[in-house]
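Colleague: Please take one helix of this model and walk me through it closely. I would like to know how it sits among its surroundings.

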Amino acid sequence: MEVLAIGNFVDNEQNYTDLVDFWTYTFETVAGFPASSYVNNQYGNGEDILDGNPIFTSKINSLRGIRIIQSEQDVEEPVLSAWMNETIIDGHGFEELVIAIQLNLETYTETVQLIKLYCDGTLTPFVLQGYNEKYQG
Amino acid sequence: MNHRGRFQAQGKNLGDSNSWAQDSPLLAITGIQLLSELHLRLTKNEAKIRSKGFVKCRKFILSASENGGINISSMGKPLIKSFPKNYTERLDLEVHLGVAFVK
């Protein structure tokens with residue numbers, strides 16, 4: 001997985017596109033259906049916001065979705081943190097699993113597991129806590 | 001109100017926000033003011049935990065203002081950004097409708 005070697009991607013169009021494609025492929029492989037973004041991540045002038053926040057979103061159904069925030073290597077940023085958030089999408093309540101990561105093979109593997117558990121409806125607060133405690137400094 | 005959104009500081013023992021809902025687009029300078037007010041309302045410790053998040057959010061508003069702001073033309077697909085310290089403590093920004101962070 002060459003994308004794991006990508007160090008800098010913020011405002012780097014080619015690296016950013018590679019990562020977006022990578023997350024889209026990962027989600028669609030795990031979920032088994034096409035990704036469908038539910039957030040706007042563009043400036044008013046039509047330019048994409050290339051900051052990794054989020055790098056990927058997709059609905060799972062009309063009431064739930066997944067948002068992935070990726071940051072470049074930074075000791076002050078979470079290596080992996082995940083939480084549930086409630087927001088409004090399409091005019092109604094919407095639950096999302098938000099995963100903030102610095103990408104490496106280990107965090108990628110954990111993220112795939114979290115996506116799978118959430119898609120299957122088997123991600124419990126206790127299980128989520130376990131993932132977070134593993135990475136809590 | 002055609003322009004609405006909010007800044008929200010969330011945490012284990014915290015849930016405070018500053019929102020806007022108005023008929024005119026939100027200026028970047030007003031957005032920074034709302035963000036700063038929220039920052040100042042937090043306790044010293046809660047503010048310190050989120051200090052980098054507030055810096056990044058402020059930087060984002062300035063970057064948006066240089067690029068035509070944020071324009072959410074129809075309700076339903078908002079801009080959502082989170083600036084987490086960890087899985088419990090974070091700062092969120094949501095623009096749900098209309099134009100925000102213009103010069």
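Modeller: What follows is a close look at helix H2 of chain A. This is a predicted model, where local features need pLDDT of at least 70, side-chain atom pairs count only at pLDDT 80 or more, and totals for chains, interfaces and linings use all residues. Residues are numbered from 1 along each chain as its sequence is written, chains are lettered from A and ligands numbered from 1 in the order in which they are written.

Start with length. H2(A) covers residues 105–120, which is 16 residues. Helices here are DSSP runs (H or I, at least four residues), strands likewise (E, at least two), numbered from the N terminus. The expected span is 1.5 Å times one less than the number of residues. That gives 22 Å for H2(A), and its end C-alpha atoms are 23 Å apart, which agrees.

Now the buried side. Thr107(A), Thr111(A), Leu114(A), Ile115(A), Tyr118(A) and Cys119(A) are buried. Buried means 20 or more other C-beta atoms within 10 Å of the residue's own, exposed means 12 or fewer, and C-beta atoms are placed from the backbone. Seen down the axis, these buried residues fall within an arc of 125 degrees, so they line one face of H2(A). The arc is taken from the directions from helix axis to C-beta atoms.

What do they pack against? In chain A, the partners are helices H1 (13–31) and H3 (125–135), plus strands E1 (56–61), E2 (64–71), E3 (80–89) and E4 (92–102).

The face turned away from the buried side carries exposed Leu105(A), Thr109(A) and Asp120(A). After H2(A) comes Gly121(A), with a positive phi near 75 degrees.

Key: Contact = placed C-beta atoms within 7 Å.
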